[in-house]
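Student: I should like a close look at a single part of this protein. Please describe the aromatic ring pairs and the setting in which they lie.

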Amino acid sequence: MKRRELLLLLGGAVTAARGLRAQQKAMPVIGFLGVASPRRNPAVVAAFHQGLSETGYVEGQNLAIEYRWAESHYDRLPALAADLVGRKVDLIVAFGGIPAARAAKSATSTIPIVFSVGDPVDLGLVASLARPGGNLTGVSRMAPELSPKRLELLSDLVPQVRVIALLVNPNNSNTERIIGDMQEAARAKGVQLHILKARTESEIDAAFAALLELHAGALVVGGDPFFSNWREQLVALAARHGVPAIYQWRESAEAGGLISYGSSLAASFRQVGAYAGKILKGAKPADLPVQQPTVFELVINLKTAKALGLTVPQSILQLADEVIE
């Protein structure tokens, strides 16, 4: 082979190798910032992947995902978010409500962030629902707004109960707003409301001990990622102490909780996945309106009602989207 042909051949090989590396580098990378652990909410993570697939992205084929899990330790989130930013991911998904979204927002003003939270305008995450205006967008779950409705449903389910407890996480920035809304709802229903706080597993046990001392006859469990992470413990404690309780997510009712009312967590993260895919294709977060839920699920577990000796009023059964028998 002539020297000139050999050089051309080698040059072509180098160019091909560079092209291959460029293609490999071109595979987008999503940073997944999770509050809980990979063992929690697998169906919700699957819904996120479904949303991605609907926009043409499949992990391991044309997309890479860097997972970071805080294991319910909110103080770890800033470092995990900073790590993802340092790895120059193309997009960050804040999986776990307000704590994850705020940690991601504090870590970067340039990398797109997709969230699922209660009221992103009130939280200062976006300028408005219609025009987010920055590097964040996502889904509003309207979680705080639904808290009073949960108290009303629980009071209608156990009308003889005059003292109800509310369990909140003091680390949640929405807590004071939720407490104020719930106190107003309690006055409207003519019931007394006691506030219980828990941010650790041991404090959940202590909250139930306090609930009994206060002679509270029912419990509203606040909507917080921490409580979602410990749903089995909450459901078990409510059953052990014979306390009727209402939860935010259907997953708690499916795990044995009495009743749940809220938007669909799976539907929310399916939309998060779809938005992530759109942004990877070139859409700007500032131009993607924050989506709001259109479906709210009321799930009643009749097995649990029977175990508690409760008869669910027909008026509530007629409203239910699902009855677990």
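**The aromatic cluster and its surroundings**

Tutor: The model, which is predicted, contains 13 helices and 12 strands. Its C-alpha atoms fill a box of roughly 95 × 40 × 35 Å along the principal axes. Of the 325 residues, 51% are buried. Among contacts with a separation of 6 or more, 71% join residues that are 24 or more positions apart.

The ring pairs may now be taken in turn. A pair of aromatic rings is described by the distance of the centres and the angle of the planes. The count for this protein comes to eight aromatic pairs. In one of them, the ring centres of Phe32 and Tyr67 lie 5.2 Å apart with the planes at 55°; since an angle over 60 degrees would be needed for edge-to-face and one under 30 for stacked, the pair is tilted. Phe32 belongs to strand β1 and Tyr67 to strand β2, so that this pair links distant parts of the chain, 35 residues apart. The two partners can be described by their accessibility: Phe32 is buried, with a relative accessible area of 0%, whereas Tyr67 is partly exposed at 26%.

A further pair is formed by Trp69 and Phe95, whose ring centres are 6.1 Å apart and whose planes meet at 80°, so the arrangement is edge-to-face. Because Trp69 lies in strand β2 and Phe95 in strand β3, the pair ties together parts that are 26 residues apart in sequence. Trp69 has a relative accessibility of 19% and counts as buried, because the cut-off for burial is under 20%. Phe95 is buried as well, with a relative accessible area of 6%. Ring pairs link these four residues with Phe48 and Phe269 into a cluster.

The strands that carry these rings also bear on a helix. Helix α3 spans residues 77–86, and its residues Leu77, Leu80, Ala81 and Leu84 are buried. These four cover an arc of only 100° around the axis, which places them on the same side of α3. The cover over the buried residues of α3 includes β1 (29–34), β2 (64–69) and β3 (91–95), together with α4 (97–107). On the other side of α3, Ala79 and Gly86 are exposed. Just after the helix, Lys88 adopts a positive phi of about 55°.

To return to the rings, strands β1 and β2 are joined by the pair Phe32 and Tyr67, while β2 and β3 are joined by the pair Trp69 and Phe95. These three strands are among the elements that cover the buried residues of α3.

Terms used. Residues are numbered from 1 along each chain as its sequence is written. This is a predicted model: local features need pLDDT of at least 70, side-chain atom pairs count only at pLDDT 80 or more; totals for chains, interfaces and linings use all residues. Side-chain values use heavy atoms; hydrogens and water are left out. Helices (H or I, at least four residues) and strands (E, at least two) are DSSP runs, numbered from the N terminus. Buried means under 20% relative accessible area, exposed over 50%, partly exposed in between (1.4 Å probe, protein chains only). Contact means heavy atoms within 4.5 Å. The arc is that of the directions from the helix axis to the C-beta atoms. Rings of Phe, Tyr and Trp (its six-membered ring) pair if their centres lie within 6.5 Å; planes under 30 degrees apart count as stacked, over 60 as edge-to-face and the rest as tilted.
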